[in-house]
Each structure stands twice: as C-alpha cells, then as structure tokens.
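User: I would like to go through this chain and check the terms used for it. Please tie each label to its cut-off.

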Amino acid sequence: MFKNLTKCFSIIIKNISNKGRITKKNIEKTLRKVRIALLEADVPLLIIKKFIKKIKKKCIGKKINNSLTPGQEFIKIVEKEIISIIGNNNYKIKFKKKNLSIFLIIGLQGSGKTTSIGKLSKLFQEKYNKKVLLVSTDIYRSSAIEQLKIISKQVKIDFFNSNNKQKPIDISIQSIEYAKKKKYDVLLIDTAGRMHINKKLMNEIKNVHKIIQPLETIFVIDSMIGQDSINIINKFNKLLKITSIFLTKIDSNTRCGVVLSIKYLTKIPIAFLGNGEKFHNIKEFKSKKIASKILGMQDTISLIKSIKKKIDKKYLEELKTKIKEKNEFDLNDFLKQIIQMKKVGGIQNILNKLSINNNLKQNILLQINDNMFIKIQAIIKSMTINERKNPKIIKYSRKKRISLGSGTSIQDINKILKQFELMKTMMKKVKNIGVINIFKNIKNIIS
C-alpha cells in the first residue's frame, strides 16, 4: 500500500539531493510535489497543510549538518514530521501481571476481525508467552462461532464454547469466569461485526463493554475503506473507549492515507498491522519503520543515523575551518577521512545502504573497496609527520623507504600521491565537508 507514495518520495528526494543546498526556491518546488504525492495517497488536506507548513519552517534557513547532504537533511526532517503525524509514541501491549487481561475485539463486518483474533492470539502466545483463551459472542452469523473455533485449532489456542441461543453478555461473563478459574493470562473476546448506524447492536456492545471492563478494546478496520474509517472509528469511540487499532489488509494496493490519518484525527494509536492471510502475518506498529518505508529510505535513514552517531563532528568542523581559512588539506586529513568512512562500516556498507543503481554500485566497487583503503592507510602511516604535511618532499629515496614499510610498491605510492592532489583540489571546492560528500566524489580520484 506504500508503493506509489514511496515511488513519489524517492523521485522528490533524488531531485533535491542534486542541489548544493536547501533554498527557499528549491524547497517550495519540492514541497509542491510532496503535496501532490500526499493528495494522491488519499491523505486528508488538513494533515497535508500542517505537514507542509512544518517542513517548510524547518527547512528554510536550516543549517545543514556538516556530515550530511541537503537531500539527507531533507529526509531527516520529513521522516520526523511523518512520525509526529502517524504517532511518535509507539503503542505498547499491556497485560495485567497477575490477573486476567481481557481484550475486547470490535469492528465492522467483513473487516477481517475473526482472522485478526487468530493472529493476535498466536502473537500473544509465542512472543509474550501468554496462556490465551478465545471466545466468540457473534450470535448473529450462523457460522461465526464455528469459524473462530476452527481458527483456534489452527493456531493451537484454547477455545471457550458458546452457541447462537446465548446472549453476548452471558457468553462474555461465563468465559471470564472460566478463564479466571483455569488461570488464563489473556481472554480475547470476538464480537459481531456491526455498523455504527445500527443503534441496537451499538447499544449492545456498549453494555458488554461497560460490564466486562476490558483492559484493551481493539478496533479492527480494513485499510481499504480509506478516509471513511476516521468517521467510523470516531462514532464507535463516542460509545465505548477504543484503546488501539488493528489495521488489516495493508498488503493490498490501496492508498495509504488512512495510516497517515488515523492517529492524528482520532487520537487513537495504531497497534497492529495485518499484512497477509497467514496467522503469522501480523506486525506491531512502529512509526519509525513505517515512516522510513513511506520514504523508501530505510537503509539511507539508518546510514544517516550511523553517520550522526559515529562521525567525529569536532574534526569535521576543524577540517572545514582549515580548508576555508588556511586553504590546507594534507595527507593526515586524507587518512582521517578514510577512518571516518570505516567508522560507518566501510565502502561496502555505505554502498549497500545508498539508493543507487546496482550496475553503478558494482562499478564503484570494482574501483573502490575496503582493501584499497587498508593499503592507503599503510602507505600514509609509513610516512613521517613532515611527509604527511608536505607530500611534495617525497622523492624516490623516501618512496623506497615508504614502500618497504607499508609492503606496497613505488607505483602504488605514486598513484596515491597523484590521487591525493586530485582529492585536495576537490576538497577545496566542497562546501559541506563530510563522509558522504567525500564518498560521492571519491570516484574522481580512482582511475
């Protein structure tokens, strides 16, 4: 369901990544494209306006982090704003420590509610090591109780028998008494699917909720409903307090506006996602993962975080000042830039996380690899302090000594010194010094 939006964002980010810096002109052009992408994804206009306004405010006049490019800075800002809209506080499943935890599962007919209960029971049993009991209070659909019974056998979860002649409230009370007596940790109560306009059924579920006082009331809704889901959820929530939402069919090709809308418009967190028909096709909702998926930048975002965490910011500032004010860049700086790359996992790791063509990736790897950097390190470390600061003094006799000390050839040293001069020229032209800028340009010094 994120495919189209992801495709749009990938193009938008690629375009701004080619800019030298974020300006008012290019960010306004970019945000117009973002607005169109979100409208096409069925995101409500109210949310889009707020989203665009926040990003614009944060981008214009933003000082770019020295270790990031404008495109990466933009990704970071957009990711943060997507998370704030879809809910930055991830839902955490609550269980009572000693007493029975009752989960009331409600929703519309045909939303995948009964199957979702099977998924939840399997998750609670396997991940949280809970003893789970299932029960159906759907007396209106002739096969509903039998359907849940079959599911309980498939997921190997205990089932409390009920029948169509009983009342939903009686089934609920009896199943609670049984669960407590048999020391179950969790009771999942399935209810009949109902429309919010059906007053009789709505009053019924309201009374059941009031009497059993569930720990969690989970609303199961089909993601294909779209923006109508907001109105439906709010109608249910007025009658009984919904604690979380289970969004089904996110593996469909529907537009993903509902994911970006629910938390902001209803104040109810999305807790679970159903992404297939199998009982293991359930995910606990993580806003950061969803945001990076929407951006199509899971790997790039993880790389940005790695850069921010591991790169020596103090050194980058010193290097920037050194080049800007003194017009200097020596072999010590060359070596430190290589060390910065190694801190974020080396060339292979960086390439794997960047959204670039596979053929280009392989071509770069043929020219640049981590073994090559080991050789460069060995050569530079075999030099004296004076040689590193002033490479021009390195003549044949010095090269011979360095080659013996580093286990390399004089040809290797000649090549690196030539490449260093190209790097030096390049560094003076780069405004934002950083590991990614170095990587983007390093192919210019390898031949």
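Analyst: This is a predicted model. Start with F219. Setting aside neighbours within four places in sequence, F219 is in contact with I106, G107, I232, I233, F236, I242, S244, I245 and F246.

User: What makes these residues contacts of F219?

Analyst: Contact means heavy atoms within 4.5 Å. I106, I232 and F246 are among the residues in contact with F219.

User: Why is the set around F219 called a nonpolar core?

Analyst: A nonpolar core needs buried residues of listed types, Phe and Leu among them, joined through side-chain atoms within 4.5 Å. The largest such core has 67 residues, and F219 is one of those with the most contacts inside it, along with V34, L38, F51, F74 and L247. F219 belongs to this core, so it counts as buried, with under 20% relative accessible area.

User: Which helix gives the most to this core?

Analyst: Helix α4, residues 70–86, with eight residues. Apart from this core lies another, of 26 residues, including Y91, I145, V155 and I157.

User: How much of the chain is buried?

Analyst: Buried residues make up 53% of the 447 residues.

User: Which stretches have pLDDT under 50?

Analyst: Residues 355–368 stay under 50, with 21 contacts beyond four places in sequence in the model. Residues 431–447 are also below 50, and have 61 contacts beyond near neighbours in sequence.

User: Why not read those contacts in detail?

Analyst: Where pLDDT is low, predicted coordinates should not be read in detail. The chain as a whole averages a pLDDT of 77, and 72% of the residues score at least 70.

Technical notes
Residues are numbered from 1 along each chain as its sequence is written. This is a predicted model: local features need pLDDT of at least 70, side-chain atom pairs count only at pLDDT 80 or more; totals for chains, interfaces and linings use all residues. Side-chain values use heavy atoms; hydrogens and water are left out. Buried means under 20% relative accessible area, exposed over 50%, partly exposed in between (1.4 Å probe, protein chains only). Helices (H or I, at least four residues) and strands (E, at least two) are DSSP runs, numbered from the N terminus. pLDDT is the predictor's confidence in each residue, from 0 to 100.
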